[in-house]
Amino acid sequence: MGLSTHVLDTMHGIPAAGMHVALYATDGGVAVCLKQFVLNQDGRNPDGLLLDASSLTRGSYRLEFDVADYFRARGVQLPEPNFLGRVSLDFGVAEPQQHYHVPLLVSPWSYSTYRGS
């Protein structure tokens, strides 16, 4: 089924359009960038799935979200150093035949995630 993500800006109550995101495959201390993209107006990858069913394999991955740059671009005054710069979510894919949806709910001061459907 593949891998997807969705980001919601909980400070403003909107999708995080314009946020920069990178996807990595990880193995121990080594991270290989698979894809970089900017979220669309719905807070999603404009190309749809990050990895389709044939590309998603068993293993470890990381999604990295440029949170501080996104909120600065929206005019939020952040302290220096800011509390959250980039949010990195490390997760594993044990059953690649299933769909893995990794959403992020984020503000300049907090975030949460879960495995969605």
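**A guided reading of the strands**

Strand β3 (residues 20–27) and strand β5 (residues 59–66) run antiparallel and are joined by six bridges. This is a convenient place to begin reading the model, which is a predicted one. One pair of residues illustrates the connection: Ala-25 has Tyr-61 of β5 as its bridge partner.

The two strands belong to a wider arrangement. Four strands make up an open sheet, and their order across it is β4-β3-β5-β6, with antiparallel pairing. At the edges stand β4 (30–38) and β6 (86–93), each of which pairs on one side only. The strands of this sheet are not set exactly in line: neighbours are turned against each other by 20° on average, when direction is ignored. In a regular strand, the side chains alternate between the two faces of the sheet. The student may keep this rule in mind when following any strand in the display.

A further set of pairings involves β1, β2, β7 and β8. Strand β1 (residues 2–9) pairs with β7 (99–106) in the parallel sense, over eight bridges. Two of the residue pairs can be located directly. Gly-2 has His-99 in β7 as its bridge partner, and His-6 is matched in β7 with Pro-103.

How many of the eight residues of β7 are buried? Seven of them are, so β7 is largely enclosed by the rest of the structure. Strand β1 is mostly covered as well, with seven of its eight residues buried. Ser-4, which is found in strand β1, offers a worked case. Its relative accessible area is 11%, and a residue counts as buried when this value is under 20%; Ser-4 is therefore classed as buried. The side chain of Ser-4 also takes part in a polar contact of 2.9 Å with the side chain of His-99.

Strand β1 has a second partner. It pairs with β2 (14–15) in the antiparallel sense over two bridges, and one residue pair consists of Asp-9 and its partner Ile-14 in β2. The two strands form a hairpin with four residues between them. Gly-13 lies in the loop between β1 and β2, and in this turn Gly-13 has a positive phi of about 70°. Is Gly-13 buried or exposed? Its relative accessible area is 65%, and the cut-off for an exposed residue is over 50%, so Gly-13 is exposed. Separation along the chain and separation in space may also be set side by side here: Gly-13 and Leu-34 are 21 residues apart in sequence, and their C-alpha atoms are 29 Å apart.

Strand β7 likewise takes part in a hairpin, which joins it to β8 through four residues. These two strands run antiparallel and are held by three bridges. Within this pairing, the partner of Leu-104 is Thr-113 in β8. The loop between β7 and β8 (111–113) contains Trp-109. With a relative accessibility of 48%, Trp-109 falls between the limits of 20% and 50% and therefore counts as partly exposed.

Trp-109 leads the reader finally to the surface. Together with Met-11 and Phe-83, Trp-109 forms a nonpolar patch there. The accessible area of these three residues together is about 360 Å². Trp-109 thus links two parts of this account, since the residue lies in the loop between β7 and β8 and also contributes to the surface patch.

Key
Residues are numbered from 1 along each chain as its sequence is written. This is a predicted model: local features need pLDDT of at least 70, side-chain atom pairs count only at pLDDT 80 or more; totals for chains, interfaces and linings use all residues. Side-chain values use heavy atoms; hydrogens and water are left out. Patches are made of residues with over 30% relative accessible area and no salt bridge: like charges are joined within 9 Å, nonpolar side chains (Val, Leu, Ile, Met, Phe, Trp, Tyr) within 5 Å. Accessible areas come from the Shrake-Rupley method with a 1.4 Å probe; for residues, only the protein chains shown count as cover. A salt bridge is a side-chain nitrogen of Lys or Arg within 4 Å of a carboxyl oxygen of Asp or Glu. Buried means under 20% relative accessible area, exposed over 50%, partly exposed in between (1.4 Å probe, protein chains only). Two strands pair if DSSP finds at least two bridges between them. Axes are lines fitted to C-alpha atoms, for helices over the stretch in contact, and angles run from 0 to 180 degrees between N-to-C directions. A polar contact is a pair of N or O atoms within 3.5 Å; within protein, one must be able to donate a hydrogen and the other to accept it, and residues adjacent in sequence count only if both atoms are side-chain atoms.
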